[in-house]
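Have the viewer ready and keep the sequence beside it. We will go through the model step by step, and you can pick out each residue as it comes up.

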Amino acid sequence: TMKTIEINSLVLAYLGDSIYESYVREYLISLGTFHVKELQEKSLEYVSARSQSKILNDLIDKNIFTEEELEIIKRGRNQKSNTHPKSCSIQEYRNATGFETLFGYLKLENKIERIEEIISKIFY
């Protein structure tokens, strides 16, 4: 079987994006937000590349990641991508990719408790 560490970072980020967004959606619904338009607007505070970059930097400043997690984030951040959204800088986009890579990695390693620990530092 393939080791998670051998999976392309962008593939991990692709998975991580959906994992993270699912937690964001659950969180917003738990606040009593029930209009889809409002949910979509509020979710941008968490899921846009610019927001993810800021959240990642805040979490790094708070020293919540292990050395292994920081390596995974760096791998995702350094992955060459030929595109980035106009709404953010290349650096913000790379940070967001690193952030999503971590969630994909943790999910495939079945470290759900760790995902939830990180999520709790973002929302609460």
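What follows is a walk through salt bridges, a charged residue without one, a pocket and a few loop positions.

Before we start, please keep in mind that this is a predicted model.

Let us begin with the charged pairs. A search of the whole structure turns up nine salt bridges, and a few of them are worth a closer look. Take Lys 37 and Glu 41, whose side chains meet in a salt bridge with an N to O distance of 2.7 Å. Both residues sit in helix H2 (residues 36-47), and because they are four residues apart there, about one helical turn separates them. Color by accessibility and you will find Lys 37 exposed, with a relative accessible area of 60%, while Glu 41 is partly exposed at 46%.

Now move on to another pair. Glu 69 forms a salt bridge with Arg 114, and the closest N and O atoms are 2.7 Å apart. Glu 69 belongs to helix H4 and Arg 114 to helix H6 (residues 112-123), so this pair ties together parts that lie 45 residues apart in sequence. What is the relative accessible area of Glu 69? The value is 4%, so Glu 69 counts as buried, the cut-off being under 20%. Arg 114 counts as buried too, at 15% relative accessibility.

Arg 114 has a further partner. Its side chain meets that of Glu 117 in a salt bridge of 2.8 Å, N to O. Here both residues lie in helix H6, three residues apart, which is about one turn of the helix. Glu 117 is partly exposed, with a relative accessible area of 41%. Put these pieces together and Glu 69, Arg 114 and Glu 117 are linked in a network of salt bridges.

With that network in view, turn to a charged residue that lacks such a partner. Arg 77 is found in helix H4, which spans residues 67-78. How far from Arg 77 is the nearest side chain of opposite charge? That side chain belongs to Glu 71 and is 8.6 Å away, and Arg 77 is buried yet has no salt bridge. Since a salt bridge needs a side-chain nitrogen within 4 Å of a carboxyl oxygen, the pair does not qualify. As for the surroundings, not counting residues up to four places away in sequence, Arg 77 touches Leu 56, Ile 60, Gln 91, Arg 94, Asn 95 and Gly 98.

Arg 94 also appears around our next stop, Lys 80. Leaving aside neighbours within four places in sequence, Lys 80 is in contact with Leu 10 and Arg 94. Lys 80 lies in the loop between H4 and H5 and is exposed, with a relative accessible area of 61%. If you would like a distance to check, the C-alpha atoms of Lys 80 and Lys 62 are separated by 27 Å, the two residues being 18 apart along the chain.

Next, look for open space. The largest pocket has a volume of about 260 Å³. Its lining is made up of 16 residues, and Asp 17, Ala 49, Tyr 93, Thr 97 and Glu 100 lie nearest the centre. Which elements give two or more residues to this lining? They are helix H1 (9-30), helix H3 (49-61) and helix H5 (90-108). Sorted by class, the lining has nine nonpolar, four polar and three charged residues.

Helix H3 also holds Ser 51. This serine counts as buried at 14% relative accessibility. Beyond the neighbours within four places in sequence, Ser 51 is in contact with Leu 44, Glu 45 and Tyr 46.

Finally, a word on the backbone. Most residues other than glycine have a negative phi. Against that background, two asparagines deserve a visit. Phi of Asn 63 is near 55 degrees, a positive value in a residue other than glycine. Asn 63 lies in the loop between H3 and H4 and counts as exposed, at 66% relative accessibility. Asn 110 likewise has a positive phi, of about 60 degrees, although it is not a glycine. You will find Asn 110 in the loop between H5 and H6, where it counts as exposed at 59% relative accessibility.

Note on methods. Residues are numbered from 1 along each chain as its sequence is written. This is a predicted model: local features need pLDDT of at least 70, side-chain atom pairs count only at pLDDT 80 or more; totals for chains, interfaces and linings use all residues. Side-chain values use heavy atoms; hydrogens and water are left out. Buried means under 20% relative accessible area, exposed over 50%, partly exposed in between (1.4 Å probe, protein chains only). Lys and Arg count as positive and Asp and Glu as negative; His and the chain ends are not counted. Contact means heavy atoms within 4.5 Å. On a 1 Å grid over the protein atoms alone, a cavity is a set of points where a 1.4 Å probe fits but cannot get out, and a pocket is an open set with protein on both sides within 12 Å along at least five of seven lines; lining residues have an atom within 4 Å of a point. Grid points are joined across faces, edges and corners, and a volume is the space filled by probe spheres set on the points. Ala, Val, Leu, Ile, Met, Phe, Trp, Tyr, Cys and Pro count as nonpolar, Asp, Glu, Lys and Arg as charged, and the others, Gly among them, as polar.
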